[in-house]
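Subject: Structure handover

Hello,

Here is the structure I promised. Please open it alongside this note and follow the residues as you read.

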Amino acid sequence: MPKKPLSLAKVYTLIEPGPVVLLTTAAAGKSNVMPMSWHSMLEFEPPLIGCVISDRNHSYGLLAASKECAINIPTADIADKVVGCGNTTGAKTDKFKRFGLTPGPATAVAAPLIEECFASLECRVVDTSMVKKYSFFVLRVLKAWVETPLKHPRTMHHRGRGRFMLAGETIKLRSRMK
Ligand SMILES: Cc1cc2nc3c(=O)[nH]c(=O)nc-3n(C[C@H](O)[C@H](O)[C@H](O)COP(=O)(O)O)c2cc1C
C-alpha cells in the first residue's frame with residue numbers, strides 16, 4: 001500500500017491511545033478539572049498509570065502540591081463539557097460550575113470525582129522522577145469505580161486538531177489468543 005510521509009508533529013495523532021480522561025485535582029480547598037489524553041497503563045496490579053501534565057496547566061501545581069488526583073472517564077455525550085474544560089484554565093474559572101459538572105466525594109483522595117463520567121479512578125502520585133524532564137507523573141490507582149450497565153462506553157479518543165474517534169463495536173477474539 002503506498003504511503004506518504006507524515007509530519008513529525010502529527011505522529012501523536014496516530015498512536016495516541018486515549019480515551020480522553022478528565023483529571024481532577026484539589027489543593028488548599030480548591031478543585032479543578034482538565035482533559036488529558038497523554039497517558040498510559042504501566043502495570044496491571046497494583047494499577048500504575050503514567051501521564052504527561054504540562055507545567056503550563058493550573059492542574060500541574062495542584063497535583064504537585066497534593067500528590068493526589070482522580071482520573072474520570074467521560075463518554076461522548078458530554079463532549080462539549082470536555083472540550084470546554086480544555087479551553088479554559090482553573091486558575092481563572094471554576095470549571096465544575098461553568099460546564100455543569102457535578103463533583104462527587106472520593107474515598108481515598110481529596111480530589112472530587114465527576115458524577116457525569118462512567119468511571120473514576122482515585123490515584124496517588126508514586127513516582128516523580130521524570131517530572132522535571134518530561135512532566136511525566138506515575139500514578140497508582142487506589143480505588144476504582146465504574147457504572148456497571150455500560151458495556152460499550154462511547155469513549156473519546158483524540159486524533160488531533162479537534163477530531164475525536166469514538167469507541168464503538170467490541171469484538172471478541174479470546175479463543176484465538178494465547
Ligand atoms: C482532548 C484534550 C487532550 C488534552 N491532553 C492533555 C494532556 O495529556 N496533558 C496536558 O498537560 N494537557 C492536555 N490538554 C490540555 C489541557 O486540558 C488544557 O491546557 C487545560 O485548559 C488545562 O486546564 P488547567 O489550566 O485548568 O489545568 C488536553 C486538552 C484536550 C482538549
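How many residues does the largest nonpolar core have, and which of them have the most contacts inside it? A caution before the reply: this is a predicted model.

**The cores**

The largest nonpolar core has 20 residues. Those with the most contacts inside it are Leu-23, Met-36, Ile-53, Ile-71, Cys-123, Phe-137 and Leu-139. Six elements are named as giving two or more residues to this core: strand 1, strand 2, strand 4 (48-52), strand 5, strand 8 and strand 9. Strand 8 gives the most, with 4 residues. Another core lies apart from this one. That other core has 12 residues, among them Leu-22, Val-33, Val-82 and Ile-114.

**Phe-137**

Start with Phe-137, one of the residues with the most contacts inside the largest core. Phe-137 has 3% relative accessibility, so it counts as buried; the cut-off is under 20%. Leaving out residues up to four places away in sequence, Phe-137 touches Ile-49, Gly-50, Cys-51, Ile-53, Tyr-60, Leu-63, Val-125, Asp-127 and Val-131.

Tyr-60 deserves a second look. The structure holds 2 aromatic pairs. Tyr-60 and Phe-137 form an edge-to-face pair, with 5.6 Å centre to centre and 75 degrees between the planes. Tyr-60 lies in helix 2 and Phe-137 in strand 9, so this pair ties together parts that are 77 residues apart in sequence.

**Helix 2**

Which residues of helix 2 (58-66) are buried? Ser-59, Leu-62 and Leu-63 are. They cover an arc of only 95 degrees around the axis, and therefore sit on the same side of helix 2. Their cover includes strand 1 (21-27), strand 2 (30-36), strand 5 (68-73), strand 8 (119-130) and strand 9.

Thr-25 is a good place to see this from the other side. Thr-25 is in strand 1. Its relative accessible area is 0%, so Thr-25 is buried. Beyond its neighbours within four places in sequence, Thr-25 is in contact with Ser-59, Leu-62 and Leu-63. The rest of its contacts include Lys-30, Ser-31, Asn-32, Glu-68, Cys-69, Ala-111 and Pro-112.

**Backbone points to check**

Most residues other than glycine have a negative phi, and most peptide bonds are trans. Three places here are worth your time.

- Lys-67 comes just after helix 2 and takes a positive phi of about 60 degrees. Lys-67 lies in the loop between helix 2 and strand 5. With a relative accessible area of 41%, Lys-67 is partly exposed.
- Arg-161 has a phi near 50 degrees, a positive value in a residue other than glycine. Arg-161 lies in the loop between strand 10 and strand 11 (164-166). At 72% relative accessibility, Arg-161 counts as exposed.
- The peptide bond from Glu-45 to Pro-46 is cis, with omega near 0 degrees. Pro-46 is in the loop between strand 3 (39-43) and strand 4.

**Strand 9 and the loop after it**

Is Val-146 buried or exposed? Val-146 is exposed, with a relative accessible area of 56%. Val-146 belongs to strand 9. Apart from neighbours within four places in sequence, Val-146 is in contact with Phe-118 and Ala-119. The C-alpha atoms of Val-146 and Tyr-134 are separated by 30 Å, and these residues are 12 apart along the chain.

Lys-143 and Trp-145 make another pair to view. The charged end of Lys-143 sits over the ring of Trp-145, 5.2 Å from the ring centre.

Then go on to Thr-155. Thr-155 lies in the loop between strand 9 (136-146) and strand 10 (156-158). At 8% relative accessibility, Thr-155 counts as buried. What does the side chain of Thr-155 make a polar contact with? The partner is the side chain of His-157, at 2.8 Å. Not counting residues up to four places away in sequence, Thr-155 touches Pro-19, Ile-73, Pro-74, Thr-75, Phe-118, Met-165, Leu-166 and Ala-167. Phe-118 is also a contact of Val-146.

Over to you.

Best wishes

Notes. Residues are numbered from 1 along each chain as its sequence is written. This is a predicted model: local features need pLDDT of at least 70, side-chain atom pairs count only at pLDDT 80 or more; totals for chains, interfaces and linings use all residues. Side-chain values use heavy atoms; hydrogens and water are left out. Buried means under 20% relative accessible area, exposed over 50%, partly exposed in between (1.4 Å probe, protein chains only). A polar contact is a pair of N or O atoms within 3.5 Å; within protein, one must be able to donate a hydrogen and the other to accept it, and residues adjacent in sequence count only if both atoms are side-chain atoms. Contact means heavy atoms within 4.5 Å. The arc is that of the directions from the helix axis to the C-beta atoms. Rings of Phe, Tyr and Trp (its six-membered ring) pair if their centres lie within 6.5 Å; planes under 30 degrees apart count as stacked, over 60 as edge-to-face and the rest as tilted. A charge sits over a ring if NZ of Lys or CZ of Arg is within 6 Å of the ring centre and within 35 degrees of the ring normal. A nonpolar core is a set of buried Ala, Val, Leu, Ile, Met, Phe, Trp, Tyr and Cys residues joined through side-chain atoms within 4.5 Å.
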